[in-house]
Every structure is written in structure tokens, then in C-alpha cells.
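These exercises deal with the pockets of the model shown below. Work through each task before reading its solution.

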Amino acid sequence: MIAGVDRDGLAESLVELIRRTTSKLPDDVIKRLKEYRTKEEPGKMACRTLDTIMENVDMAQSASRPICQDTGTVTFDIQHPLGARQSEIREIVKEAVVAATAKNYLRPNVVDSLTGEIKSDNIGVGHPVIHFEQWDNDYLEVTLVLKGGGCENVGAQYTLPQPALKAGRDINGVKKVVLDMVVKAQGKGCAPGVLGIAIGGDRAEGYAIAKKQLKRKLDDINPNPVLAELEGWVVEQANRLGVGPMGFGGKTTLFGAKATTLDRIPASYFVSISYMCWAYRRRTMTIRNGEVQHD
Amino acid sequence: MIKINTPVDEEKIRSLKVGDEVLISGSIVTARDRAHKYMVEERPDDIRGDLENSIIYHCGPVMKKHDDGTWEVVAAGPTTSIREEIYQADVMEEYKVRGVIGKGGMGPKTLAGLAKTGAVYLHAIGGASQVLARTVVSVPRVYKLEEFGVPESFWVFTVKDFPAVVTMDSHGGSLHDKILATAEEEFRSIVDSL
Ligand code: SF4
């Protein structure tokens with residue numbers, strides 16, 4: 001028993017989490033996309049593209065089908081109470097991924113990096129990605145993020161200083177490299193998108209924490225005023241670049257940015273950026289005393 | 001909206017310009033990384049009939065097989081095209097392909113290939129897998145399914161009114177180059193003011 005559910009109960013609720021994540025965009029994401037839609041001129045390609053995106057979101061939701069066929073890297077963040085066995089949870093998560101793939105909620109999407117062989121059940125070396133954290137609460141919380149390749153590929157990591165961009169080791173330097181990343185990404189990550197930004201750390205932690213920012217709700221407010229200003233600045237300036245939805249041109253290039261810091265060692269100054277596309281698939285489920293709740 | 005019916009002739013394709021919005025009907029063929037590598041390295045002949053004067057779709061769909069053996073498209077949006085940059089121009093020329101649907105645009109080699117062969121690059125809306133899957137009326141054939149797997153196979157789709165935008169034409173025009181140039185200029189003015 002884990003948080004009051006048995007093995008089958010947990011597997012079942014995880015399949016449901018996958019169904020919800022692949023087919024229903026979170027409310028905060030839909031709200032933002034709709035807001036930005038009103039900023040684009042009616043009749044223009046940018047506006048029609050956002051309309052098609054919204055139509056697609058509705059269709060996927062009502063049919064319980066993938067919003068995007070690239071169901072991405074399947075990443076679970078699992079916070080569990082003391083006493084839960086991680087090895088057992090891991091097996092159940094894998095079972096759920098296999099079952100969800102059979103139901104076409106997930107595309108067979110895992111490839112052997114040397115042989116090119118496709119794993120038809122989505123179980124492979126390092127996949128699904130499962131991060132565990134044991135916490136002091138008495139309930140289990142699972143957040144699932146599906147992130148496709150198009151947006152993952154445009155993410156970037158910079159070291160400061162960057163002489164070519166006149167980017168030094170300060171907040172203005174950070175702003176310059178982040179905006180440079182947006183210019184380089186163009187529409188390739190299926191703009192409009194959201195950035196997760198980590199300032200500092202080493203290369204591995206930088207990317208990990210940047211990605212973790214994508215778990216935040218779009219309407220939360222960063223308690224650190226410097227980071228809050230950075231987040232607002234990045235979105236506002238990115239939307240002046242004219243890239244627009246899909247890179248067709250327009251005012252909506254980003255619809256969010258979330259930043260955090262990690263301390264660093266004196267010799268390194270990394271800025272790590274993870275880009276999430278408009279098909280921002282993130283869902284959370286909690287299990288408390290055997291009761292499953294989906295967000 | 002301009003209607004394109006496949007098979008489509010070179011003249012019609014050469015009349016298309018960057019920014020034109022099109023609705024494609026007829027037969028199109030999915031092909032992505034393994035399929036492109038295979039076409040260039042092994043020049044298979046069995047797919048020629050399906051590719052000539054037709055359109056390649058950079059797409060790795062989610063498919064469902066029914067009990068009677070027929071296939072249904074569950075999700076089918078475009079995948080990133082630039083990965084095929086090293087192959088695309090050769091593939092278009094070899095197989096007389098008149099168009100490529102994908103996302104993100106392609107590079108100079110493909111742009112030159114479009115002019116040479118008489119073809120266009122058509123940008124579909126990335127991620128719109130349901131809206132685009134809805135345009136597929138049937139799936140008459142698939143090649144290489146066993147070997148390449150579902151996302152990498154050549155799926156022949158019969159589509160009706162598949163929407164796309166011409167972002168690279170056969171006259172050297174590229175919307176992507178234009179948008180990038182504007183963005184770079186704007187970027188410089190923003191960072192200079194910091
Ligand atoms: S970037 Fe996102 S929307 Fe685009 S194809 Fe990949 S997963 Fe789908």
C-alpha cells in the first residue's frame with residue numbers, strides 16, 4: 001500500500017494521469033493562450049494559427065487523444081511519504097506507461113541510441129524519467145510532464161561572459177543570452193512557448209532546475225523581485241522580436257518565462273534555458289488516504 | 001486559400017509564392033529521419049509511384065490498427081524539418097517530389113533544391129495533431145512498417161483540405177529568412193539599450 005492505495009489502484013490512477021496530461025492542457029496554459037490570441041490582429045496568420053491551436057486543444061480533449069503526436073520524454077516527479085518503496089513505485093509507473101502506450105495515449109517514442117531500434121512500449125534505458133523525492137507529508141504527489149523533441153532541441157546553455165553578445169556576469173548579461181536563445185529558436189520549438197531559466201549551478205543541475213521551472217503555474221509570482229522583473233522583461237522583449245506563432249510572424253512568441261537561481265562556483269556562470277512549446281503538457285495527481293485527486 | 005490536388009504538376013507549384021495559404025487534397029506520404037536516409041542511400045523503387053508529383057510529409061504519426069486490418073490516424077502533426085536538410089534536395093530530385101510539408105523551415109540546400117526541382121516547402125502548424133489528423137480520409141498503404149516502426153515508416157495518407165502555408169518557394173523566397181532578419185535587427189536594438 002502506498003498512501004492508502006494498492007498496486008492496481010496506483011497503476012490505474014497513473015494511466016489516468018497520462019491520459020489527462022496528453023489530451024488536456026492545464027487551465028493556466030489555456031487561459032494565457034487565449035489572452036495572447038486577443039493581442040493578434042484578426043485575419044492575420046498569427047491569429048489564425050492560434051485559433052487552429054485552440055481548436056486542436058478542444059478536439060484532443062473531447063476525444064482523449066494526444067494534443068501533439070510527439071508525446072515526448074515522459075517525466076514523472078514523484079514526492080512520497082516516508083516508507084514508500086521507490087523500486088516498487090518505479091515498476092508500477094513503468095506498467096502504467098506500457099498500458100498508456102497500448103491505449104495510444106503515448107506514441108512509441110523511445111529509440112535505442114546506438115541501433116535505432118524503437119521500443120514499442122516506451123520502456124527504455126533511462127525512460128520513462130522518474131525523479132523521486134521523499135518528503136514529510138503523508139500523501140503522494142505525482143507531476144507528469146510530456147515534452148517533445150522540437151522544443152527540447154531549441155533549449156540552450158550559455159556561459160557568461162559572452163563577448164560576442166557583450167553579455168557580462170550580471171542580470172543584463174543573463175537577459176542578453178536568454179533573448180539570443182529566443183532569436184535562434186525562431187518558431188522551431190512550436191512557438192509560442194514558455195521558458196524555464198536557471199542562473200548558476202553546474203551544467204547538469206542548471207538544465208535540471210531550468211526544466212523544473214516548467215512545473216510552476218504561469219500565473220504565479222516570483223517572490224524574488226529581481227527574478228520577477230527578469231521574467232516579465234523576457235516575455236515582453238521576446239514578443240517584440242516578431243517571430244510569432246510557428247515563426248510565421250506576429251506578437252506572440254513567448255507566453256511565459258520562469259526563472260530561478262542556483263549558487264555557483266566562482267569560475268562558472270551558466271545560464272540554462274529549457275523551452276516548452278505551446279503544447280505544454282503538465283498535470284499533477286495527489287493520493288491521500290487512498291483517495292486520488294487529479295488537478 | 002489555394003487548392004492543391006496531388007498529383008500536382010510543376011507549373012502549378014512554380015506559381016506558388018511565400019505566404020500563400022494552401023489546402024492540400026489527394027495522396028501524401030510521410031517520411032522522416034530513417035526514411036530519408038534510406039531513400040538517399042538505397043534509392044528504393046517501390047515507393048516511386050507514390051512520391052512522383054506528390055508531397056512528402058515530415059510526420060511521425062500515432063496510428064491505430066483496427067481488427068479488419070485498416071489503419072486509423074490517431075495524431076499526425078508535422079515534425080521538425082531541418083533534420084532532413086542533408087537529404088531533402090536529393091530526395092526531391094530523385095523522386096520528383098513537388099512539395100515537402102513540415103515545420104520550422106529548412107536551409108539553403110533545400111531552398112536551392114526547391115528551385116531546381118520545382119517544389120515548395122509547406123509549413124503546417126506544429127503540434128496541431130488532431131486538426132491535421134482529421135484531414136486524413138484513408139490510409140491506403142504503408143512501407144517499411146516492420147523495420148522502421150510506426151513513427152518512421154512511409155505512410156500513404158489520402159487527405160482532404162490539409163492546411164499549410166508556403167514558407168519557402170521555388171523562386172528562392174523564404175519567410176524564415178525574412179522573419180529571422182527582422183528578429184535579429186530588433187534583438188540588436190533591444191540589447192543595445194540595456
Ligand atoms: S515542439 Fe511541442 S507542439 Fe511542436 S511537435 Fe514538438 S511536442 Fe509537438
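**Exercise 1.** Sort the lining of the second largest pocket by residue class, then place this pocket relative to the domains of chain A.

*Solution.* Step 1: the lining has eight nonpolar, six polar and 10 charged residues; Ala, Val, Leu, Ile, Met, Phe, Trp, Tyr, Cys and Pro count as nonpolar, Asp, Glu, Lys and Arg as charged, and the others, Gly among them, as polar.

Step 2: this predicted model needs pLDDT of at least 70 for local features and 80 or more for side-chain atom pairs, while totals for chains, interfaces and linings use all residues. Residues are numbered from 1 along each chain as its sequence is written, chains are lettered from A and ligands numbered from 1 in the order written, and side-chain values use heavy atoms, without hydrogens and water.

Step 3: of the 24 lining residues, A:Thr75, A:Asp77, A:His131, A:Lys212 and A:Lys215 lie nearest the centre.

Step 4: domain 1 (7-24 + 67-148 + 281-294) and domain 2 (150-276) of chain A both contribute to the lining, so the pocket lies between them; the bounds come from an automatic or database domain assignment.

**Exercise 2.** Describe the lining of the largest pocket by residue and class.

*Solution.* Step 1: the volume of the largest pocket is about 1000 Å³.

Step 2: its lining holds 49 residues, and A:Arg107, A:Asn109, A:Val111, B:Arg32 and B:Glu152 are the closest to the centre.

Step 3: by class, 17 are nonpolar, 15 polar and 17 charged.

Step 4: domain 1 and domain 2 of chain A each supply at least three lining residues.

**Terms.** A pocket is an open set of points on a 1 Å grid over the protein atoms alone, where a 1.4 Å probe fits, with protein on both sides within 12 Å along at least five of seven lines; lining residues have an atom within 4 Å of a point. Grid points are joined across faces, edges and corners, and a volume is the space filled by probe spheres set on the points.
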